[in-house]
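Here are a few exercises to help you find your way around a new fold. Keep the picture open and work through each step at your own pace.

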Amino acid sequence: ITLPPRAPSERSDIVVAERGGELYIQLAAFANAANAQGFLNKVSPAVSDALGIAPQILERDGLVRVRVGPYRSRDAASAALDALSAKTGFSGVIGK
């Protein structure tokens, strides 16, 4: 199998989120939506640059979570988290 040459704008170092995945990297959780939005605004450029996808907000179980994904497998989410940590110093947890 021969793959077409990669376009100059495509980055090979990005671990891509996948449709249909159920796992996310949670970057933070807040009790207050305004605090979550402020955090999202602050980290979004670095996360987007590191992973090629913007983080998002999800309200669930009384918390407002800032997360990235989805990923189809724990291995893919773990690779993305490793890349994120290496490029930004951010940490997170993998979950649904």
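Contact here means heavy atoms within 4.5 Å. Angles between elements run from 0 to 180 degrees between N-to-C directions, with axes fitted to C-alpha atoms. Please keep in mind that this is a predicted model.

**Exercise 1. Work out the order of the strands in the sheet.**

Step 1. Begin with strand 1 (23-30) and look for its partners. Six bridges link strand 1 with strand 3, and the two run antiparallel. One pair to find is A28 with V66 in strand 3; another is L23 with Y71.

Step 2. Now turn to strand 4 (93-95). Strand 1 and strand 4 are joined by three bridges, again antiparallel. Here Y24 has G95 as its bridge partner, and I25 stands opposite I94.

Step 3. Strand 2 (56-60) comes next. Five bridges connect strand 2 to strand 3 in the antiparallel sense, and E59 is partnered by V64.

Step 4. Put the pairs together: the four strands form an open sheet in the order 2-3-1-4. Strand 2 and strand 4 are the edges, as each pairs on one side only. On average, neighbouring strands are turned by 45° against each other, direction ignored.

**Exercise 2. Find which strands each helix touches.**

Step 1. Helix 1 packs on the sheet and touches strand 1, strand 2 and strand 3. The direction of helix 1 makes about 20° with that of strand 3.

Step 2. Helix 2 (74-88) lies across strand 1, strand 3 and strand 4. Relative to strand 1, helix 2 runs at about 50°.

**Exercise 3. Explore the largest nonpolar core and say which elements build it.**

Step 1. A useful background idea is that nonpolar side chains tend to be buried together in soluble globular proteins.

Step 2. In this model the largest nonpolar core has 21 residues. Those with the most contacts inside it are I25, L27, V47, L51, V68 and Y71.

Step 3. Strand 1, helix 1 (33-51), strand 3 and helix 2 each give two or more residues to this core.

Step 4. Check how covered the strands are, with buried meaning under 20% relative accessible area. In strand 3, eight of the nine residues are buried; in strand 1, six of eight are.

Step 5. Zoom in on I25. Leaving aside residues up to four places away in sequence, I25 touches ten you can look up, namely V66, R67, V68, Y71, A77, A80, L81, G92, V93 and I94.

**Exercise 4. Locate two unusual spots in the backbone.**

Step 1. Recall the usual case: most residues other than glycine have a negative phi, and most peptide bonds are trans.

Step 2. Go to D61, in the loop between strand 2 and strand 3. The hairpin of these strands has two residues between them, and D61 takes a positive phi near 55° there.

Step 3. Is D61 buried or exposed? D61 counts as exposed because its relative accessibility is 67%, where the cut-off for exposed is over 50%.

Step 4. Finally, follow strand 3 (63-71) to P70. A cis peptide bond joins G69 and P70, with omega about 10°.

How values were computed: Residues numbered from 1 in each chain as written. Predicted model: local features only at pLDDT ≥ 70, side-chain atom pairs only at ≥ 80, totals over all residues. Heavy atoms only, no water. Buried < 20%, exposed > 50% of the residue type's maximum accessible area, 1.4 Å probe, protein only. Core = buried A, V, L, I, M, F, W, Y, C linked by side-chain atoms within 4.5 Å. Pairing = 2+ DSSP bridges.
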